[in-house]
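Work through the exercises below with the coordinates open. Each task is followed by a solution in steps.

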Amino acid sequence: MPRLSRQVSPTGVYHVMLRGIDRDRIFVDDQDCRKFVKILRQLTNPEDKDGNPMPPFCNIHAYCLMSNHVHLLIAEGAEPLGATMKRLGISYVSYYNKRYNRLGPLFHDRFRSEPVGDAGYFVTLLRYIHLNPVEAEMVDSPDQYQWSSWHEYSGSIMVGGLCCHSLPFSCMTWENVCEMVLNVSQTQGGKSRVEHRRLTDSEAIDIISRFSGGEPVKQMRGERREKVVVAAINAGVGMRQMSRLTKIDYKNIAVIIRKNGK
């Protein structure tokens, strides 16, 4: 079956996901994470062979490094997204293979990407990406996790951070976004958590329609259906809500999510 062409983002902003082949680890320790972040910094602040600054290949708005996958909220810069991801992959895989005396690919297939076309989805993804370690029950709150951009939004790191402070939506300031992303609720049981509002059915239907182009998801087949289901759930639609609104059996939704490593 031929691969589907990538959806083009009207804003140039994408949610990109990389995961290890066979769901294997891609970060063994902090040294690996530091190397990956260093490569991201080189992509956002490249230099020529003489050390002169060049236009950024991309801008990073958020990131989260998990043991076997990565989430990036990334905007195209001086080159297309595919070229930038190729640079990233070659650099990190070369380092990783040399360090662990291995050969062959490290990442599963090609990277996955979703276009980000509006401010609401942009903020939803910022919250989703930073909540990944909490949802995985690795930490109780995102401020306890070292390898994400949360600390730039919480104010712990504002100078010398990796993320771009020039946001892609002119109506939003960095301060506006920080306030929406943080939105920390009251302490419950000694654990500080981020408020995670459930979408109304109307909001969920709008999100599903945006990714499906208005076509009934249940009538789709194969990779196309999976892509819509994963994109909608990444955007905040609940799994049972997705099942109820699309008439797709909940067990099938769960299989799709496990398969795609959410």
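The exercises go from the overall fold to one helix and then to charged side-chain pairs in this predicted model.

**Exercise 1. Describe the overall make-up of the protein.**

Task: State how many helices and strands the protein has, and in which pattern they follow along the sequence.

Solution.
1. The protein contains nine helices and four strands.
2. Along the sequence their pattern is β-α-β-β-α-β-α-α-α-α-α-α-α.
3. Of the 262 residues, 46% are buried.
4. Among contacts with a separation of 6 or more, 68% join residues 24 or more positions apart.
5. The accessible surface is about 13600 Å², and carbon and sulfur atoms contribute 51% of that area.

**Exercise 2. Characterise helix 3.**

Task: Compare the span of helix 3 with the expected value, then locate its kink and state how far the helix is covered.

Solution.
1. Helix 3 covers residues 119–135, which is 17 residues.
2. From first to last C-alpha it reaches 23 Å, close to the 24 Å expected at 1.5 Å a residue.
3. The kink, about 30°, lies at Ile129, shortly before Pro133.
4. Helix 3 is mostly covered, with 13 of its 17 residues buried.
5. After the helix comes Glu137, which has a positive phi near 60°.

**Exercise 3. Analyse the Arg99 and Asp32 pair.**

Task: Give the closest N and O distance between Arg99 and Asp32, and explain which parts of the chain the pair ties together.

Solution.
1. The closest N and O atoms of Arg99 and Asp32 are 2.7 Å apart, and the two residues form a salt bridge.
2. Arg99 belongs to helix 2 (residues 81–99) and Asp32 to helix 1 (residues 30–44), so the salt bridge ties together parts that are 67 residues apart in sequence.
3. Arg99 is partly exposed, at 31% relative accessibility.
4. Asp32 has 0% relative accessibility and is therefore buried.

**Exercise 4. Place the other salt bridges.**

Task: How many salt bridges does a search of the whole structure find? For Glu79 with Arg87 and for Arg224 with Glu215, give the N to O distance.

Solution.
1. The search finds five salt bridges.
2. Glu79 and Arg87 form one of them, with the closest N and O atoms 2.9 Å apart.
3. Glu79 is buried at 11% relative accessible area, whereas Arg87 is partly exposed at 38%.
4. Arg224 and Glu215 meet in a salt bridge at 2.8 Å, N to O.
5. Arg224 is partly exposed at 35%, and Glu215 is partly exposed at 28%.
6. Salt bridges with shared partners also join Asp29, Asp32 and Arg99 into one network.

Technical notes: Residues numbered from 1 in each chain as written. Predicted model: local features only at pLDDT ≥ 70, side-chain atom pairs only at ≥ 80, totals over all residues. Heavy atoms only, no water. Helix = DSSP H or I, 4+ residues; strand = E, 2+ residues; numbered from the N terminus. Buried < 20%, exposed > 50% of the residue type's maximum accessible area, 1.4 Å probe, protein only. Contact = heavy atoms within 4.5 Å. Areas by Shrake-Rupley, 256 points an atom, 1.4 Å probe, with all protein chains shown as cover. Expected span 1.5 Å × (residues − 1). Bend = angle between axes of the 7 residues up to and from the residue. Salt bridge = Lys/Arg side-chain N within 4 Å of Asp/Glu carboxyl O.
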